[in-house]
Amino acid sequence: MSEMIDQKRIAHLICNVSEDELSDLAELFKVFGDSTRIKILYDLFPGEKNVTEICDDLEMNQSAVSHQLKILKTSKLIKARRDGKAMIYSLADDHVKTIIAMGKEHIEE
């Protein structure tokens, strides 16, 4: 019964989506199309980190990481807060983990 409700809900959502929403959704999924950005998101799963920590974890230079962080922040997938001179980054919310987990589950089928 639950599966039938989910199917009806999905059908309702598809029928009631605007062109602007479709465009926004496509842009969101484009952000997930870069493996470096996915690595950064995974790196932030445990919690907050500054740019230096992310660079060290991913063995990447600060310029490359900062560029990707800007894209992720603009897409509202991460958030940042200032701590003195440092910027501290974290996932914007649990939806980010859910999207990645669902994608991973899909490719493992």
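Reader: Which side chain makes a polar contact with the side chain of lysine 49?

Author: The model is predicted. In it, lysine 49 sits in strand β1, residues 49-50. Its side chain makes a polar contact at 2.5 Å. The partner is the side chain of aspartate 57.

Reader: What kind of interaction do the side chains of aspartate 57 and lysine 49 meet in?

Author: The cut-off is a side-chain nitrogen of Lys or Arg within 4 Å of a carboxyl oxygen of Asp or Glu. Here the N to O distance is 2.5 Å. Aspartate 57 and lysine 49 therefore meet in a salt bridge.

Reader: Is lysine 49 buried or exposed?

Author: Buried means under 20% relative accessible area. Lysine 49 has 16% relative accessibility. Its partner aspartate 57 has 41% and is partly exposed. Lysine 49 itself therefore counts as buried.

Reader: Which residues does lysine 49 touch, not counting residues up to four places away in sequence?

Author: The salt-bridge partner of lysine 49, aspartate 57, is one of the residues on this list. The full set is Asp43, Leu44, Ile54, Asp57, Met87, Ile88 and Tyr89.

Reader: How many salt bridges does a search of the whole structure find?

Author: One of them joins aspartate 57 and lysine 49. Another joins glutamate 108 and lysine 104, also listed at 2.5 Å, N to O. Arginine 81 and glutamate 48 form a further one. The search of the whole structure finds 5.

Reader: How many residues apart are arginine 81 and glutamate 48?

Author: Their closest N and O atoms are 2.9 Å apart, in a salt bridge. The pair links distant parts of the chain: arginine 81 is in strand β2 (residues 78-83), and glutamate 48 is in the loop between α3 (35-43) and β1. In sequence they are 33 residues apart.

Reader: Where do glutamate 108 and lysine 104 lie?

Author: Glutamate 108 is exposed, at 54% relative accessibility. Lysine 104 is partly exposed, at 39%. The two are 4 residues apart, about one turn of the helix. Both lie in helix α6, residues 94-108.

Reader: Which residues of the largest nonpolar core touch the most other members?

Author: This core has 18 residues. At least two residues each come from α3, α4 (51-58), α5 (62-74), β3 (86-91) and α6. The element that gives the most is α4, with 4 residues. The members touching the most others are Ile40, Leu41, Ile54, Leu69 and Ile78.

Reader: Which residues is isoleucine 40 in contact with, leaving aside its neighbours within four places in sequence?

Author: Isoleucine 40 is one of the core members that touch the most others. Ile54 and Leu69 share that listing, and both are among its contacts. The full set is Ile54, Leu58, Val65, Gln68, Leu69 and Leu72.

Reader: What pattern does the chain follow, read along the sequence?

Author: The chain has 6 helices and 3 strands. Read in order, they give α-α-α-β-α-α-β-β-α.

Reader: What is the radius of gyration of the chain?

Author: The C-alpha trace spans about 50 × 30 × 25 Å along its principal axes. For 109 residues the globule rule gives 13 Å, and the chain is well over that, so it is more spread out than a compact globule. Its radius of gyration is 17 Å.

Reader: What share of the 109 residues in the chain is buried?

Author: The chain exposes about 8,100 Å², and carbon and sulfur atoms supply 54% of that area. Buried residues make up 23%.

Notes: Residues numbered from 1 in each chain as written. Predicted model: local features only at pLDDT ≥ 70, side-chain atom pairs only at ≥ 80, totals over all residues. Heavy atoms only, no water. Buried < 20%, exposed > 50% of the residue type's maximum accessible area, 1.4 Å probe, protein only. Polar contact = N/O pair within 3.5 Å; in protein donor to acceptor, adjacent residues only side chain to side chain. Contact = heavy atoms within 4.5 Å. Core = buried A, V, L, I, M, F, W, Y, C linked by side-chain atoms within 4.5 Å. Rg over C-alpha atoms; globule rule 2.2 N^0.38 Å. Areas by Shrake-Rupley, 256 points an atom, 1.4 Å probe, with all protein chains shown as cover.
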